[in-house]
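Student: Please give me a close look at a single part of this structure. I would like to begin with the open space between the atoms and then see what stands around it.

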Amino acid sequence: MTMLFCSLACPLAALVGVPTAPAFANAVHAPRSRVTQMQAPQIPAIAYTGAAAAVAIRASRASAPAELAVLGATSLLALVDFGPTAAKQLNSANHAIKAAQTKPTPAAVSKEQAWLSAIMIKLMGQLSGLTWMALSRQGSGVLRGAALMMAGNMCFWIAGAGAARHDGEGKHAPVPDKLVRIIFTADALLFSALLTGAISPAQSTSRAACSAVFAVGAMAGVFENIAKFIKALPGSLIGNVPP
């Protein structure tokens, strides 16, 4: 799985646009006799919470400040951003697929299944990377796990998530191409920084700098989503504040 994600993402990290990869997309979106549905979108949120805790425990054994920064930022990102986003996206896929089944047209089924397939690709990449980070005993392994996690994000867009996206009500709501390119490029930069850091000597300035680049990028995602995360917590006071 590691080689699959890296072989797809490495050559694309320097590109400005996102390739359509028709052969890859066709393989992922191949017609099925029955459209697959996720019956419990809350399960990924639980999985991400567990993964975030495991990465946090690994951070307590970090041997260098750069390693601690990567692990700490990733743990927060998985808890605050990746988990809630996965749950929301799977819920939107559920609604979209149910709506498509009431009007079974080939185009509709393909569109809804494309969205679900892209989500599952991202989940596999992210959770595999988080697991690698939590189990790794060396700093280079931590960075490679984070790179796999970012490769999952990149493959999400390569699989056509921008064009196939649906909103929370299951309505088709594609992401503008310009925004897709911006997000993909940011993911590619972080991916490249992680791989560069992984192949750099353990105590080198290069590894420290690359780790810092990723940590800053990850914390940007945390700060962007922390308010929404707290507001969604049961009994949160933020949700009761008048607008």
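Tutor: What follows is a close look at the largest pocket, then at the helices and side chains of the protein around that topic.

Keep in mind that this is a predicted model. Start with the frame. The protein has nine helices and zero strands. Read from the N terminus, the order is α-α-α-α-α-α-α-α-α. The chain has 243 residues, and 45% of them are buried. Take the contacts with a separation of 6 or more: 75% of them link residues 24 or more positions apart. The accessible surface is about 12,200 Å². Carbon and sulfur atoms own 67% of that surface.

Now the pocket. Rolling a probe the size of a water molecule over the atoms shows where empty space is left. The largest pocket has a volume of about 1,400 Å³. Its lining takes in 42 residues. Which of them lie nearest the centre? They are Asp 81, Thr 85, Gln 89, Lys 122 and Asn 225. Five elements give two or more residues to the lining: helix H4 (65-102), helix H5 (106-135), helix H6 (139-158), helix H8 (177-199) and helix H9 (205-232). H4 supplies the largest share, with eleven residues. By class, the lining holds 23 nonpolar, eleven polar and eight charged residues.

Next, take two of those lining helices, H5 and H9. Ala 118 sits in helix H5. Its relative accessible area is 0%, so it counts as buried, the cut-off being under 20%. What does Ala 118 touch beyond its neighbours within four places in sequence? The partners are Phe 156, Ala 159 and Ala 161. Arg 165 is 47 residues from Ala 118 along the chain. The C-alpha atoms of Ala 118 and Arg 165 are 9.1 Å apart.

Ser 128 also belongs to helix H5. Here the relative accessible area is 22%, and Ser 128 is therefore partly exposed, since that class lies between 20% and 50%. Leu 148 is 20 residues from Ser 128 in sequence. In space, the two are 7.3 Å apart, C-alpha to C-alpha.

Move to helix H9, where Thr 205 is found. Thr 205 has a relative accessible area of 67% and is exposed, because the threshold is over 50%. Ala 66 is 139 residues from Thr 205 in sequence. Their C-alpha to C-alpha distance is 9.9 Å.

Last, the charged pairs. Side chains of opposite charge can pair when their charged atoms come close. The structure holds two salt bridges. One joins the side chains of Arg 58 and Glu 67, at 2.7 Å from N to O. Are these two partners buried or exposed? Arg 58 is buried, with a relative accessible area of 3%. Glu 67 is buried too, at 8%. The other bridge joins the side chains of Glu 169 and Lys 171, at 3.4 Å from N to O. In that pair, both Glu 169 and Lys 171 are exposed.

Put the pieces back together. The largest pocket is lined by 42 residues, and H4 gives eleven of them. In helix H5, Ala 118 is buried, whereas Ser 128 is partly exposed. Thr 205, in helix H9, is exposed. One salt bridge has the buried Arg 58 and the buried Glu 67; the other has two exposed partners, Glu 169 and Lys 171.

How values were computed
Residues numbered from 1 in each chain as written. Predicted model: local features only at pLDDT ≥ 70, side-chain atom pairs only at ≥ 80, totals over all residues. Heavy atoms only, no water. Helix = DSSP H or I, 4+ residues; strand = E, 2+ residues; numbered from the N terminus. Buried < 20%, exposed > 50% of the residue type's maximum accessible area, 1.4 Å probe, protein only. Contact = heavy atoms within 4.5 Å. Areas by Shrake-Rupley, 256 points an atom, 1.4 Å probe, with all protein chains shown as cover. Salt bridge = Lys/Arg side-chain N within 4 Å of Asp/Glu carboxyl O. 1 Å grid on protein atoms, 1.4 Å probe; cavity = no way out; pocket = protein on both sides within 12 Å on 5 of 7 lines; lining within 4 Å. Points joined across faces, edges and corners; volume = space filled by probe spheres on them. Nonpolar A, V, L, I, M, F, W, Y, C, P; charged D, E, K, R; others polar.
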